[in-house]
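Biologist: Please take me closely through one part of this model, a pair of helices, and then show me what surrounds that pair.

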Amino acid sequence: MRFVVDGMLGGLARWLRMLGYETEYDSKADDNTLLELSKKQEAILLTRDEELYNRARAKNINSVLVTGEKEEVRLGQLVKTPGISLEINMATTRCPECGSDLQELSRESALNTVPAKSLKLYSKFWRCTNTGCGKTYWVGSHWKQIRHSLQEAQKIASPERATRC
Ligand SMILES: [Zn+2]
């Protein structure tokens, strides 16, 4: 399952990449480019624009009209259709910034790129394999918020299942 995301859904694109889904996002791409890309990549087009959604459907492109205002609501909608999973797996998670694969860093490489404070607190680090991006990640204090948002999304998608989280 892969996605093309319209310019209004940049936050959602970051979430989908974290969840490991290949996601194309370019805030400047026009509607025709989005349609072409979705068709070529057999991707699901996510949009807030009803007109674009209808154009996609007319061209037999799989598309979801995203309606929620909050990211949790949007993710919950995508759990129902097309059925995304809300599990973050560090082996398959992607760089939220650019969508490239992440690679686990050795302790030595981490020494050069990770702030000393984080090096003390955490033991595992990942770096984006796209040399033009190269961002470094770790499961830090912000992780609590990420988990919380994913739980909220799960509750929205299936209220009866969420109690198990
Ligand atoms: Zn990156």
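Which hand does the crossing of α2 and α3 have, left-handed or right-handed?

Modeller: The crossing of α2 and α3 is right-handed, that is, the near helix is turned clockwise from the far one by less than a right angle, where anticlockwise would be left-handed. This is a predicted model, in which local features need pLDDT of at least 70 and side-chain atom pairs count only at pLDDT 80 or more, while totals for chains, interfaces and linings use all residues. Residues are numbered from 1 along each chain as its sequence is written.

Two packed helices are described by the angle between their axes and the distance between the axes. For α2 and α3, the axes come within 11 Å and cross at roughly 35° (lines fitted to C-alpha atoms over the stretch in contact, with angles from 0 to 180 degrees between N-to-C directions). Helix α2 covers residues 31-41, and α3 covers 50-58 (helices are DSSP runs of H or I with at least four residues, strands are runs of E with at least two, and both are numbered from the N terminus).

On the α2 side, the residues that meet α3 are Asp31, Leu34, Leu35 and Ser38. Their partners in α3 are Leu52, Arg55 and Ala56 (contact: C-beta atoms, placed from the backbone, within 7 Å). Sorted by class, this contact has 4 nonpolar, 1 polar and 2 charged residues (nonpolar: Ala, Val, Leu, Ile, Met, Phe, Trp, Tyr, Cys and Pro; charged: Asp, Glu, Lys and Arg; polar: the others, Gly among them).

The loops that follow the two helices each hold a residue with an uncommon backbone angle. Most residues other than glycine have a negative phi, and most peptide bonds are trans. Glutamate 42, in the loop between α2 and β3, has a positive phi near 50°. Glutamate 42 counts as exposed because 10 C-beta neighbours lie inside 10 Å (exposed: 12 or fewer other C-beta atoms within 10 Å; buried: 20 or more; partly exposed: in between; C-beta atoms are placed from the backbone). Asparagine 60 lies in the loop between α3 and β4, and its phi is also positive, about 60°. With 8 C-beta neighbours inside 10 Å, asparagine 60 is exposed as well. The C-alpha atom of asparagine 60 is 8.5 Å from that of lysine 39, although 21 residues separate them along the chain.

The two helices also belong to a wider core. Both α2 and α3 supply at least two residues each to the largest nonpolar core, which has 27 residues (a nonpolar core: buried Ala, Val, Leu, Ile, Met, Phe, Trp, Tyr and Cys residues joined through C-beta atoms within 7 Å). Among the other elements that each give at least two residues are β1 (3-5), β3 (44-47) and α7 (143-157). Helix α1 gives the most, with 4 residues. Phe3, Val5, Leu12, Leu16, Leu45 and Leu46 have the most contacts inside this core. Leucine 12, setting aside residues up to four places away in sequence, touches Val5, Leu46, Val66, Glu71 and Arg74.

Arg74 is one of the buried residues of α4, a list that also includes Glu72, Leu75 and Gly76. The buried residues of α4 pack against α1, β4 (63-65) and α7. In α7 sits alanine 153, which is buried because it has 24 C-beta neighbours inside 10 Å. Alanine 153 is in contact with Glu72, Leu75, Gly76, Val79 and Leu86, leaving aside neighbours within four places in sequence. After α4, in the loop between α4 and β5 (102-104), comes proline 82. Threonine 81 and proline 82 are joined by a cis peptide bond, with omega about 5°.

As for the whole chain, it has 7 helices and 7 strands. Buried residues are 29% of its 165 residues. Domain 1 takes in 3-88 + 142-164, and domain 2 takes in 102-137 (bounds from an automatic or database domain assignment). The centres of domain 1 and domain 2, taken over C-alpha atoms, are 28 Å apart. A second, separate core of 6 residues includes Cys95, Ala110, Trp126 and Cys128. The C-alpha atoms of alanine 153 and glutamate 108 are separated by 37 Å, with their places 45 residues apart along the chain.

Conventions
Two residues are in contact if their C-beta atoms, placed from the backbone, lie within 7 Å.
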